[in-house]
Amino acid sequence: MHSRRSYSPWRLLVAAPRSGAENMARDTALQVRAARTGETVFSIYSWSRPTLSFGRNQPATGLYDLAKIRSVGLDVVRRPTGGRAILHHREVTYSVTAPVKDALPLRETYSQINRILQTGLSRLGVMVEPVPRSPATRAPSVRSCFETPAEGELIAAGCKLVGSAQWRDERALLQHGSILVNDDQSSLPSLAVDAGFGSETIAPATLHALLGRSPDVAEVASAMFDAVRSLEDADASELAEDEVREETLQHVPHFLDEDWTWRR
């Protein structure tokens with residue numbers, strides 16, 4: 001685990017619940033902003049409607065049943081980052097956007113962000129640890145992101161609690177992930193074309209199961225922001241969502257585009 005503090009200033013954002021397209025558009029806008037301003041932003045947000053998200057390169061066409069998805073009232077979006085399917089509903093999502101000029105290599109960046117997440121979760125009363133290094137990697141597939149933890153992802157009591165993925169270009173990076181409050185992931189097999197897919201799923205860890213209660217977005221955000229200030233930037237200031245709202249809306253059409261959502 002790397003102990004170096006960041007060179008860039010940090011900002012802290014709690015966003016209002018938004019649609020899947022708006023959430024992904026805002027993360028993209030923040031990545032663009034990081035390249036322009038040199039600031040790192042740690043944001044916390046939730047979803048206005050239950051939403052199924054696919055990883056950037058995950059197969060979905062012909063594997064997930066759109067009629068089933070619509071029949072249960074789910075929105076669908078494809079993330080700009082990798083990984084597998086997630087049902088965003090009773091969870092809290094975090095994102096980190098940062099310029100890559102002073103950023104650590106990919107693996108070390110994961111460790112740096114994990115340190116924030118671990119510290120924040122410990123303030124809530126949850127102890128987590130990263131999955132040890134493993135030569136095996138997960139190929140993109142229709143199976144749930146939370147079924148098996150990948151190297152570096154955070155587990156509690158042996159089960160995955162936080163699923164994360166990172167995407168970076170030559171100027172800035174975006175890492176975001178879900179912290180499960182309750183388990184909605186077990187319903188994912190019912191959305192597949194093959195009804196037998198993933199019938200034997202492994203239940204993930206959840207904050208409700210670990211704490212005996214369901215912390216809200218504000219409580220999680222407070223714990224995470226305290227962790228940012230103690231580990232990275234004691235002077236980290238708040239960023240208002242309105243400051244990135246106009247640029248966010250410019251990216252929304254991309255994440256509403258069916259050709260992007262069902263491109264694989």
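Let me start with strands β8 and β9, which pair in the antiparallel sense over three bridges, and where Ala-156 stands opposite Cys-159 in β9. I should say at once that what we are looking at is a predicted model, and everything that follows should be heard with that in mind.

Where does this pair of strands sit in the sheet order? The two belong to an open sheet of eight strands, in the order β7-β8-β9-β10-β6-β2-β1-β11, and the pairing in that sheet is mixed. At the edges stand β7, residues 129-130, and β11, each with a single partner strand, so one side of each is left without a neighbour in the sheet. Helix α5 packs on this sheet, touching β1, β2, β6, β10 and β11, and the direction of α5 makes about 175 degrees with that of β1.

Let me stay with β1 for a moment. This strand is mostly covered, since four of its five residues are buried. With β2, strand β1 pairs in the parallel sense over five bridges, and within that pairing Leu-12 has Phe-42 in β2 as its bridge partner. Between the two strands, the chain goes from β1 through helix α1, residues 20-37, to β2, and this β-α-β crossover is right-handed. Strand β1 is also joined to β11, residues 237-238, by two bridges, and those two strands run parallel; here the bridge partner of Arg-11 is Ser-237 in β11.

The helix of that crossover, α1, has 18 residues and reaches 25 Å from its first C-alpha to its last, close to the 26 Å expected at 1.5 Å a residue. Helix α1 is mostly covered, with 14 of its 18 residues buried, and after the helix comes Gly-38, whose phi is positive, near 80 degrees.

One residue that touches this part of the chain is Glu-247, which is placed in helix α6, residues 242-256. Is Glu-247 buried or exposed? The relative accessible area of Glu-247 is 19%, and the limit for buried is under 20%, so this residue counts as buried. Leaving aside neighbours within four places in sequence, Glu-247 is in contact with Ala-29, Val-32 and Arg-36.

Now to the interior. The largest nonpolar core has 31 residues, and those with the most contacts inside it are Phe-42, Leu-121 and Met-224. At least two residues of this core come from each of β1, β2, β6, α3, β8, β9 and α5, and it is α5 that gives the most, with eight residues. Looking at Met-224 in particular, and not counting residues up to four places away in sequence, we find that Met-224 touches Phe-42, Ile-44, Ile-116, Leu-117, Gly-120, Leu-121 and Ile-179. There is also a second, separate core of 11 residues, which includes Phe-54, Tyr-64, Leu-188 and Trp-262.

Helix α5 deserves a closer look. At 1.5 Å a residue, its 15 residues should span 21 Å, and the end C-alpha atoms of α5 are indeed 21 Å apart, which agrees. The buried residues of α5 are Val-220, Ala-221, Ala-223, Met-224, Phe-225, Ala-227, Val-228 and Leu-231, and what covers them includes β1, β2, β6, α3, β10 and α4.

From helix α3, I would pick out Arg-123, which at 46% relative accessibility counts as partly exposed. Not counting residues up to four places away in sequence, Arg-123 touches Ala-223, Asp-226, Ala-227 and Ser-230. Of these, Asp-226 is 103 residues away from Arg-123 in sequence, while the two are 8.9 Å apart in space, C-alpha to C-alpha.

Finally, there is another sheet to mention, an open one of three strands in the order β4-β3-β5, with mixed pairing. Its edge strands are β4, residues 75-78, and β5, residues 86-88, each of which pairs on one side only, and neighbouring strands of this sheet are turned by 25 degrees against each other on average, direction ignored. Strand β3, residues 51-54, is joined to β5 by three bridges, the two running antiparallel, and Leu-52 stands opposite Leu-87 in β5.

Key:
Residues numbered from 1 in each chain as written. Predicted model: local features only at pLDDT ≥ 70, side-chain atom pairs only at ≥ 80, totals over all residues. Heavy atoms only, no water. Core = buried A, V, L, I, M, F, W, Y, C linked by side-chain atoms within 4.5 Å. Buried < 20%, exposed > 50% of the residue type's maximum accessible area, 1.4 Å probe, protein only. Contact = heavy atoms within 4.5 Å. Pairing = 2+ DSSP bridges. Axes fitted to C-alpha atoms, helices over the stretch in contact; angles between N-to-C directions. Right-handed = clockwise from strand over helix to strand, strands pointing away. Expected span 1.5 Å × (residues − 1).
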